[in-house]
Amino acid sequence: MSKDSKPLFSQHEHALEKEYEVCPQCGSELQIKNSKAGAFLGCVNYPTCTYSRPLVEQEKFEQQLLPGTECPECGSELAVKQGRFGMFIGCTNFPQCHHIEHEQSEVFADVKCPQCSKGHLAEKHNRYGKTFYACDGYPKCKFAVNHEPVAGNCQKCGYGLLLKRNMAAGEKLQCADKKCSHFQS
């Protein structure tokens, strides 16, 4: 065996150590199993022994207090916390107070919603982090577009909203009406 392949072999040995662990409850072997939540290690004597643990241990995050901040609802201190959707800022008095700081979204004051004509379009993010632009009168008006809105009228159909599109030929303005979709010249 050459010197170059020896570190590779030791890495595989380390991986095999985790494969043949024993159950701390009954002493049987642990086996990699799959569920809808992902892979985990579980005991091979499953119905009699219900021991399981995650395959990959998540780092434990200690909440960090933000000195000098105050919850607007209850007056307690705010802290940086870890949730199932990532990091957020929330009240330390959690079960009694459910206050969470939300990111301020950019509101396009000059761009009125073409559907309800009452609200303005605001930049928002979906749960996957993708940016979209929707009416700020949300429950009543559900108008939304995927590209940045620009105030103006379409030259072809007269629709009251244009979208800024980054094309191969440069930045262009397009009609926001799906029936028209005319590019401005």
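Select residues 30–35 first: this is strand S1, and Ile32 lies in it. The model is predicted, so read each stop on this tour as a feature of that prediction.

Stay on Ile32. Is this residue buried, partly exposed or exposed? Its relative accessibility is 40%, and because partly exposed covers the range between under 20% (buried) and over 50% (exposed), Ile32 counts as partly exposed.

Now add Leu55 and Val56 to the selection and show the surface. Together with Ile32 they make up a nonpolar surface patch, whose combined accessible area is about 240 Å².

Next, select residues 38–43, which are strand S2. S1 and S2 are paired antiparallel, with six bridges between them. The two strands form a hairpin, and two residues separate them. To see the pairing at one position, pick Ser35 and look across to Gly38 in S2, which stands opposite.

Move on to residues 52–54, strand S3. S2 and S3 also run antiparallel, joined by three bridges. Here, pick Gly42 and find Ser52 of S3 opposite.

Finally, show S1, S2 and S3 together. They form an open sheet of three strands in the order S1-S2-S3, and the pairing is antiparallel. Which strands stand at the edges? S1 and S3 do; each has a single partner strand, so one side of each has no neighbour in the sheet. Turn the view to look along the sheet: from one strand to the next, the twist averages 35°.

To end, return to Ile32: this residue of S1 belongs to the nonpolar patch with Leu55 and Val56, and S1 is one of the edge strands.

Technical notes
Residues numbered from 1 in each chain as written. Predicted model: local features only at pLDDT ≥ 70, side-chain atom pairs only at ≥ 80, totals over all residues. Heavy atoms only, no water. Patch = residues over 30% accessible without salt bridge, like charges linked within 9 Å, V, L, I, M, F, W, Y side chains within 5 Å. Areas by Shrake-Rupley, 256 points an atom, 1.4 Å probe, with all protein chains shown as cover. Salt bridge = Lys/Arg side-chain N within 4 Å of Asp/Glu carboxyl O. Helix = DSSP H or I, 4+ residues; strand = E, 2+ residues; numbered from the N terminus. Buried < 20%, exposed > 50% of the residue type's maximum accessible area, 1.4 Å probe, protein only. Pairing = 2+ DSSP bridges. Axes fitted to C-alpha atoms, helices over the stretch in contact; angles between N-to-C directions.
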